[in-house]
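Colleague: I would like a close look at a single part of this model, with the reasoning spelled out as you go.

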Amino acid sequence: MRQQAQAVVIGGGVIGCSILYHLTKLGWSDVVLLERDELTSGSTWHAAANIHGLHDSTNISRIQHYTMNLYKELEEETGQSCGIFQPGSLYLAQTEEREHQLKLQAAKAKLYGMNFYEVSIEEAKKLNPMVNYDGIRCVMFEPDGGNVDPSGVTNGYAVGARNRGAEIHRFTPVTATEAQEDGTWIVKTPKGDIATPWVINAAGLWGREVAALAGIELPLQPTEHQYLVTETMADVEQSAARLPSVSDRDGEYYLRQEGNGLLVGAYERDMKFWAEEGTPLDFAHDLFPDDLERIEENMMSAIERVPAVADAGIKRVINGPMIWSPDSNVLMGPVPELPGYFCCNGIIPGFSQSGGMGLMAAQWVIEGETEYDMFAWDMARFDTWASKAFTKARVQDQYAHRFAIHFPNEERGAGRPARTRPIYDVQTKMGAVFGLNAGWEHPLWFAAEPGATDTNGFTRQNWWAPVGEECKTLRAAAGIIDISNFAKYRCKGPDAESWLNAVFANNMPRSIGRSCLTPLISKRGGIAGDFTVICVAEDEFWVVGSGMAERYHKRFFADVPLPEGTLFESKTVEMCGFNVAGPKSRELLQRLTNTSLATGDFPFMRSAWLDIAGVRALALRVSFTGDLGWELHCETQDQAKLYEALLSAGQDLGARPVGSRALMSLRIEKGYGSWSREYSPEYWPQEVGLERLCKLEKDFLNKSAAVANLEKPAREELVILHLADADVTASNADATGGEPIFKDGVGIGRVTSGAYGYTVGMSLALGFVKGATAGDEVDVMVLGKPHKARILAEPPFDAGGKILRG
């Protein structure tokens, strides 16, 4: 066994072997995989191994399509059979909401050149005559859908990796992972130790235990999961061709051909946890006792849809473990606090994602970043706030609602609240309906009475009208928005300015009271984040950024060594904030402070520490609403006092609390981009209008990548669109993000954010397009159907910035 390696992969399931294979495919041959038992032990060997391409997330769809196409290439390359069956998959919609979801996915498939389209009921009957199509509203067909052999795929990856120089050691448990002072690792095993710059935890059911060796606690929880295989069925045996699988998610089961019978699986509401205190180390190719009563309701739905199942005998039942994250997505990426430690844990649709997941992991390790924005998979989306209780509650919800539609703007309540601020109870009594952001509860909107909850769907919901009232109040008078979930940092020391200049692309403000907006550049020269930096003293700066990306951004900050004697610390927990905005915001705040807030004394983008109603607050003349306004940041212990003072001072002015859904609408009216939507590592500075904030006369993090991109023409342009009133009224729906954009039947882009602009009377969307300019008419595929839209030359609210700077 090697004593040194470029990377050590821990875990010999399908994901570990895929990562090993892709590391070698990208050029690393000095890599090792360690497996405590036999390859495929744990969850891999008993997986149903279905493969499908479409996902609500466009980038995950891309990854799944890569995976589906890879298996045949893997067979040709290695000579190892992957047991590929691709008779296609039928997706059934019983409800209007499911029809909306499938038609939107079909529109995305057309935009990205993926094979997924609608077929008639008559066509569906020919493809799979065993299905009862009564009550089905629409059927989509994915010709490449099917299944593979779990062991064959895993061994295919293993053979391919070995052929390129990788070593695989079975029956070699890892007993310790020890971090070294130089940032490398020692991986200890009974067969010897390996020194390596990269430890990759792909240990599947043992992901928690392997992480714990390095002092990491991952939010993961295993469950039981059952499927059954029938005896030979005459209809299957006599079929001229292999039958397409059936995805009837409204019925909460899945079904496909297995031999001359059918495999039927379910995610039952009466789910069952397993190994809550840790996965047994002696568990390998083991199963649990059958418990078919738990999935009886799901089986009845399958029988109703495929009546022949009722008369089929059961050949075998598979009841095995799966391990879940709180949102059922993988926990992937370098641990921000531990250089050289990479996680890839909590994978559910492993055989639909294994190839793409291996590729993304290999790109991240070797090249420093994935080609796609994979924040939805980034382990940094969770932090220590994702406790065991939170994880268990969320996993239960995810399992029991595995096939439920994840609607736009949907906020699930399981495991909450995880983190609250001092005014949480006050806001609750005021009718606040909360969302989750980096573990924090924050108001989405305010209902007329306490106790209201969201309804969910693709069309306008119960919050649509109340959010409109909040927007109109702010534009007419003033709104008070809780922005405590923003990330806040303090940088202090003699080299604070020089360090920040080395991190961020823009020049840092040099005078006290000045501030700037700045991008953070990613490894590939895209937008890793957007920040506001405020100079509060000669040697002290405050930085405000995206709260949901705080742990993600740790990796970038760590890439620039902090000078001795200079401090950079998060103040997100210790500080809270409010945005007071609207034409009467100055009058409201002036009642609470002796400092002049007149434009001449406190112009746009200036800041100062103020005494506001007896509370010391950092006030910044800026507002994400695009209106006149100030951000106020105070100590958490003073939040309640400041909130009470703001509400009281604004009462006779008509001011009111405003939630984040209204903020979404208001910022789109102004054409402002938002991180993870318009700002992403995938987008270059000139594509999002941030090129002027990249100061190429100085050095900054990942400058060479930014320069290389800036020397190229923009691949696409960020635009604002006005959706036709008649189409929006007819569908009762606005764009929300992800909808494809077509021009003359040709796909030219996609929506990144959408909302109704209540104060400008327009249904609006921000999105990226190519080959189209202001004034052009396009089709935006809201609900998967064309909605006429026009590209606007400028934002409909305060395009010249007179109100913002007034």
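Which elements are included in what covers the buried residues of H12?

Modeller: This is a predicted model, and what follows should be read with that in mind. The cover over the buried residues of H12 includes strand S21 (440–446), strand S22 (479–482), strand S28 (575–581), S32 and helix H17 (660–670). The residues of H12 that are buried are Val-467, Gly-468, Glu-470, Cys-471, Thr-473, Leu-474 and Arg-475. In general terms, residues three or four places apart in an α-helix point the same way, because such a helix has 3.6 residues a turn. The length of the helix can be checked as well: at 1.5 Å a residue, the 13 residues of H12 should span 18 Å, and the end C-alpha atoms are 19 Å apart, which agrees.

Among the buried residues of H12 is Glu-470, whose relative accessibility is 0%; since buried means under 20%, Glu-470 counts as buried. Glu-470 is also a salt-bridge partner of Arg-656, with 3.8 Å between the closest N and O atoms. Because Arg-656 lies in strand S32 (residues 656–658) and Glu-470 in helix H12 (residues 464–476), the pair ties together parts that are 186 residues apart in sequence. Arg-656, for its part, is partly exposed, with a relative accessible area of 23%. S32 therefore appears twice in this picture, as part of what covers the buried residues of H12 and as the strand that holds Arg-656.

To set this pair in context, a search of the whole structure finds 49 salt bridges. One of them is formed by Arg-551 with Asp-383, whose closest N and O atoms are 3.9 Å apart. That pair links distant parts of the chain, with Arg-551 in helix H14 (residues 550–558) and Asp-383 in the loop between helix H9 (350–367) and helix H10 (388–400), 168 residues apart. Here Arg-551 counts as buried, at 12% relative accessibility, whereas Asp-383 is partly exposed, with a relative accessible area of 29%.

Asp-776 likewise forms a salt bridge with Lys-743, and the closest N and O atoms of this pair are 3.1 Å apart. Asp-776 sits in the loop between strand S36 (762–769) and strand S37 (777–782) and Lys-743 in strand S34 (residues 740–743), so that distant parts of the chain, 33 residues apart, are linked. Lys-743 is partly exposed, its relative accessible area being 22%.

Key: Residues are numbered from 1 along each chain as its sequence is written. This is a predicted model: local features need pLDDT of at least 70, side-chain atom pairs count only at pLDDT 80 or more; totals for chains, interfaces and linings use all residues. Side-chain values use heavy atoms; hydrogens and water are left out. A salt bridge is a side-chain nitrogen of Lys or Arg within 4 Å of a carboxyl oxygen of Asp or Glu. Helices (H or I, at least four residues) and strands (E, at least two) are DSSP runs, numbered from the N terminus. Buried means under 20% relative accessible area, exposed over 50%, partly exposed in between (1.4 Å probe, protein chains only). The expected span of a helix is 1.5 Å times one less than its number of residues. Contact means heavy atoms within 4.5 Å.
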